[in-house]
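Reader: I would like to work through this structure feature by feature, with the general idea given before each case. Could we begin with strand pairing?

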Amino acid sequence: MAARKGRRRTCETGEPMEAESSDAGTEGPAQVYLPGRGPPLREGEELVMDEEAYVLYHRAQTGAPCLSFDIVRDHLGDNRTELPLTLYLCAGTQAESAQSNRLMMLRMHNLHGTKPPPSEGSDEEEEEDEEDEEERKPQLELAMVPHYGGINRVRVSWLGEEPVAGIWSEKGQVEVFALRRLLQVVDDPQALATFLRDEQARVKPIFAFAGHMGEGFALDWSPRVSGRLLTGDCQKNIHLWTPTDGGSWHVDQRPFVGHTRSVEDLQWSPTEDTVFASCSADASIRIWDIRAAPSKACMLTAAAAHDGDVNVISWSRREPFLLSGGDDGALKIWDLRQFKSGSPVATFKQHVAPVTSVEWHPQDSGVFAASGADNQITQWDLAVERDPEAGDAETADPGLADLPQQLLFVHQGETDLKELHWHPQCPGLLVSTALSGFTVFRTISV
């Protein structure tokens with residue numbers, strides 16, 4: 001959330017932004033700043049964050065930027081809201097040279113909430129505030145493993161008690177890494193020092209598949225069948241991985257046939273063991289069943305799902321809905337009971353550049369988040385209906401009038417946003433990666 005310096009603005013529907021001004025007399029009436037819907041920033045103006053719109057907000061950098069990451073489920077409990085928070089991320093870098101890349105485990109901890117605005121106080125209170133500030137500093141532990149080649153996508157799964165990461169390399173390989181040791185050392189500073197000195201260079205994948213004909217991005221672990229994996233490449237091919245005894249995989253060399261261009265994303269059904277969805281640069285979304293032969297497994301197709309590439313999809317864990325985002329900037333909701341019609345049940349157009357990531361909220365069935373190449377993260381709630389009393393505010397600020405009523409929140413301030421995920425154990429907590437680094441935040445809206 002941000003405002004222009006020099007005037008008060010709103011970036012979340014109904015939540016005022018605090019603005020700063022270096023020039024006397026430049027502050028004007030409250031207005032909305034939203035990319036593509038109003039005048040661009042003028043010279044001397046900048047966006048200023050309104051901390052009161054966030055319950056929690058932290059940023060972190062890891063050197064080379066990360067195109068993809070995943071949140072690692074931990075043993076600290078579900079439905080965690082008590083602050084400070086701890087979370088674990090597995091991420092892969094996109095460094096300038098192939099040999100400079102790393103697969104990383106991040107432990108972020110001591111994540112406190114945003115502080116209330118400072119009040120006028122005594123010197124004694126100021127000293128207490130300084131001590132408090134030191135105690136509230138966020139902490140980051142980082143265990144890194146060298147990886148030759150940029151990492152296009154990271155997805156984590158637990159195979160019984162063993163955490164693993166499936167990663168797509170720009171070198172055309174899909175690899176599986178064991179994560180247990182990395183998780184152990186980020187919890188223990190002494191073990192971390194030993195690991196970085198003696199062990200990290202020796203870590204190798206426990207399995208690798210080089211049968212794709214080039215690089216790719218699409219990858220998803222089954223939430224229902226432990227170890228079952230799908231991978232899709234830029235050459236239109238999708239391969240099924242089946243776990244075997246002894247901790248290995250059998251990868252079916254026969255690709256699923258249907259897409260005519262790059263496979264961009266894959267999602268297993270959360271309710272059926274054998275069903276998955278895919279999306280592609282050929283503008284289509286397809287539903288498949290692996291019980292059929294790969295050449296006949298495509299059961300349903302929305303041939304022109306978006307006006308151009310379909311970049312990302314998310315299958316709701318709670319409703320028969322598929323969410324998609326495309327190069328056209330549109331977000332679309334597909335009711336799988338009506339998928340044959342080829343028409344979405346809802347379309348939202350807030351992003352003014354390609355959508356780069358979408359994900360349903362893990363607990364709240366109507367809520368989802370999206371990120372775009374316009375450097376916006378948007379939060380949505382399908383259950384929201386327009387408040388009749390909001391009319392006055394919209395008249396005063398016409399920028400609000402044509403906003404989708406389901407749009408809850410717009411977060412800005414990142415550069416080149418790539419991916420976001422809700423934390424499955426910390427309700428409402430979002431994590432994103434961008435060229436500008438990682439951001440961890442929870443808004444007042446979700």
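Author: Two strands are said to pair when at least two bridges are found between them, and in this predicted model strand β29, residues 377-381, pairs with β30 in the antiparallel sense over four bridges. To place one of these pairings on the display, start from Gln379, whose bridge partner in β30 is Phe409.

Reader: In what order do the strands of this open sheet lie, and which are the edge strands?

Author: The sheet is open and has four strands, which follow one another as β27-β28-β29-β30 with antiparallel pairing. An edge strand pairs on one side only, and here that description fits β27 (355-360) and β30 (407-411). From one strand to the next, the twist averages 15°.

Reader: Let us turn to the nonpolar cores. How many residues does the largest one have, and which of them have the most contacts inside it?

Author: A core of this kind is a set of buried nonpolar residues joined through side-chain atoms within 4.5 Å. The largest in this model has 21 residues, and Cys90, Met105 and Ala143 are those with the most contacts inside it. At least two residues of this core come from each of the strands β8 (85-93), β9 (101-111), β10 (139-147), β11 (151-159) and β12 (162-169), and likewise from each of the helices α2 (180-185) and α3 (189-199).

Reader: Which residues does Cys90 touch, leaving aside those up to four places away in sequence?

Author: With those neighbours not counted, Cys90 touches Phe69, Asp70, Val72, Leu103, Met104, Met105, Val154, Val156, Ala165 and Leu179. Apart from the core of Cys90 lies another one, of 18 residues, which includes Leu56, Leu111, Cys426 and Val440.

Reader: How should I read the salt bridges, and how many does a search of the whole structure find?

Author: The search finds 18 salt bridges, and for each one it is useful to ask about the distance and then about the burial of both partners. The side chains of Arg80 and Asp74 meet at 2.8 Å, N to O, and both of these residues are buried.

Reader: Is Asp289, in its salt bridge with Arg291, buried or exposed, and why?

Author: The closest N and O atoms of Asp289 and Arg291 are 2.6 Å apart. Asp289 counts as buried because its relative accessible area is 9%, which falls under the 20% limit, whereas Arg291 counts as exposed because its value is 64%, which is over 50%. For the salt bridge between Asp198 and Arg197, the closest N and O atoms are 3.2 Å apart; Asp198 is partly exposed at 36% relative accessibility, while Arg197 is exposed at 59%.

Reader: Which residues are linked in a network of salt bridges?

Author: Such a network joins Arg107, Glu141 and Asp187.

Reader: Finally, how many aromatic pairs are found in the whole structure?

Author: There are 19 aromatic pairs, and one of them, between Phe256 and Phe276, is edge-to-face, with 5.3 Å from centre to centre and 75° between the planes. This pair links distant parts of the chain, 20 residues apart, since Phe256 lies in the loop between β18 (248-251) and β19 (263-268) and Phe276 in strand β20, residues 275-280. Phe256 counts as buried because its relative accessibility is 4%, and Phe276 is buried with a relative accessible area of 0%. Elsewhere, ring pairs link Phe207, Phe209, Trp221, Trp241 and Trp249 into a cluster.

Key
Residues numbered from 1 in each chain as written. Predicted model: local features only at pLDDT ≥ 70, side-chain atom pairs only at ≥ 80, totals over all residues. Heavy atoms only, no water. Salt bridge = Lys/Arg side-chain N within 4 Å of Asp/Glu carboxyl O. Buried < 20%, exposed > 50% of the residue type's maximum accessible area, 1.4 Å probe, protein only. Contact = heavy atoms within 4.5 Å. Axes fitted to C-alpha atoms, helices over the stretch in contact; angles between N-to-C directions. Phe/Tyr/Trp six-rings, centres within 6.5 Å; stacked < 30°, edge-to-face > 60°.
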